[in-house]
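Let's take a walk through a protein structure together. Have the picture open while you read, and turn it around as we go.

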Amino acid sequence: QVQLVESGGGLVQAGDSLRLSCVASERSRTMAWFRQALGKEREFVAAITWIGGGTTYADFVKGRFTISRDNAKNTVSLQMNSLTSEDTANYFCAASRVYSTDPSSYTYWGRGTQVTVSS
């Protein structure tokens, strides 16, 4: 069973940057970040493969967020720039044996880290 631990959330102002990290107990094929705002469904943010480092982004974060991985540390990071109040949500790290943007394809989930952006 893959265990995932997120860190790096916090309270920032609009326009600021924040870096989230997720440490995995072991690697699966794909790691992803999802987010869930209060009263909304969980949505895909970005995904990356451990092998090859291929990435996929949700349209609303392209050019602002960057997902990366450090294979030596089993860590996946999400660099978030130009944050807006719309980015306020609980951000979850997830692992899957397939490559997908569908949360139902992800078997393992972290507990989440809250990101709050004040305008």
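What pattern does the protein chain follow when you read along the sequence? It goes β-β-β-β-β-β-β-β-β-β-β. Keep in mind that this is a predicted model.

## The whole chain

If you go looking for helices, you'll come back with zero, while the strands number eleven. The radius of gyration of the protein chain is 13 Å, close to the 14 Å that the globule rule gives for 119 residues, so the chain is as compact as a globular protein of that length. Along its principal axes, the C-alpha trace spans about 40 × 30 × 25 Å.

How much of the chain is tucked away? Buried residues make up 42% of the 119 residues. Now take the contacts with a separation of 6 or more: 55% of them are accounted for by residues 24 or more positions apart.

## A sheet of four strands

Next, pick out β1, β3, β8 and β7. These four strands form an open sheet, in the order β1-β3-β8-β7, with antiparallel pairing. Two of them, β1 (4–7) and β7 (65–70), stand at the edges with a single partner strand each, so one side of each is left without a neighbour in the sheet. From one strand to the next, the twist averages 15°.

Zoom in on the β7 edge. Six bridges join β7 to strand β8 (residues 75–80), and the two run antiparallel. One spot to look for is Asp 70, which stands opposite Thr 75 in β8.

## Two residues with a positive phi

β7 and β8 form a hairpin, with four residues between them. Asn 74 sits in that turn, and its phi is positive, about 50°, although Asn 74 is not a glycine. Is Asn 74 buried or exposed? It's buried, with a relative accessible area of 16%.

Ser 82 also has a positive phi, near 50°, and is a residue other than glycine. You'll find Ser 82 in the loop between β8 and β9. With a relative accessible area of 42%, Ser 82 is partly exposed.

## The disulfide

How many disulfides does a search of the whole structure find? Just one. That disulfide joins Cys 22 to Cys 93, with 2.0 Å from S to S. It links distant parts of the chain: Cys 22 is in strand β3 (residues 18–24) and Cys 93 is in strand β9 (residues 89–96), 71 residues apart.

Why is this disulfide called left-handed? The torsion about the S-S bond of Cys 22 and Cys 93 is about -80°, so the disulfide gets that label. Both ends are hidden from view: Cys 22 is buried at 0% relative accessible area, and Cys 93 counts as buried at 0% relative accessibility.

## Thr 49 and its surroundings

Now slide over to strand β5 (residues 43–49), where you'll find Thr 49. At 11% relative accessibility, Thr 49 counts as buried, because the cut-off for that word is under 20%.

Which backbone atoms lie close to polar atoms of the Thr 49 side chain? The backbone oxygen of Ile 51 lies 2.9 Å from one such atom, and the backbone nitrogen of Gly 54 lies 3.0 Å from a polar atom of that side chain. Leaving aside residues up to four places away in sequence, Thr 49 touches Arg 29, Thr 30, Gly 54, Arg 69 and Tyr 99.

## Tyr 106, a buried loop residue

Our last stop is Tyr 106, found in the loop between β9 and β10 (108–109). Is Tyr 106 buried or exposed? At 4% relative accessibility, Tyr 106 counts as buried.

What does Tyr 106 touch, not counting residues up to four places away in sequence? The list runs to Thr 30, Ala 32, Phe 34, Ala 47, Ala 94, Ala 95, Ser 96 and Ser 100. There is a polar partner here too: the backbone oxygen of Ser 100 lies 2.5 Å from a polar atom of the Tyr 106 side chain. To tie this back to the disulfide, measure across to Cys 93: Tyr 106 and Cys 93 are 13 residues apart in sequence and 9.8 Å apart in space, C-alpha to C-alpha.

Key. Residues numbered from 1 in each chain as written. Predicted model: local features only at pLDDT ≥ 70, side-chain atom pairs only at ≥ 80, totals over all residues. Heavy atoms only, no water. Disulfide = S-S within 2.5 Å. Buried < 20%, exposed > 50% of the residue type's maximum accessible area, 1.4 Å probe, protein only. Polar contact = N/O pair within 3.5 Å; in protein donor to acceptor, adjacent residues only side chain to side chain. Contact = heavy atoms within 4.5 Å. Pairing = 2+ DSSP bridges. Axes fitted to C-alpha atoms, helices over the stretch in contact; angles between N-to-C directions. Rg over C-alpha atoms; globule rule 2.2 N^0.38 Å.
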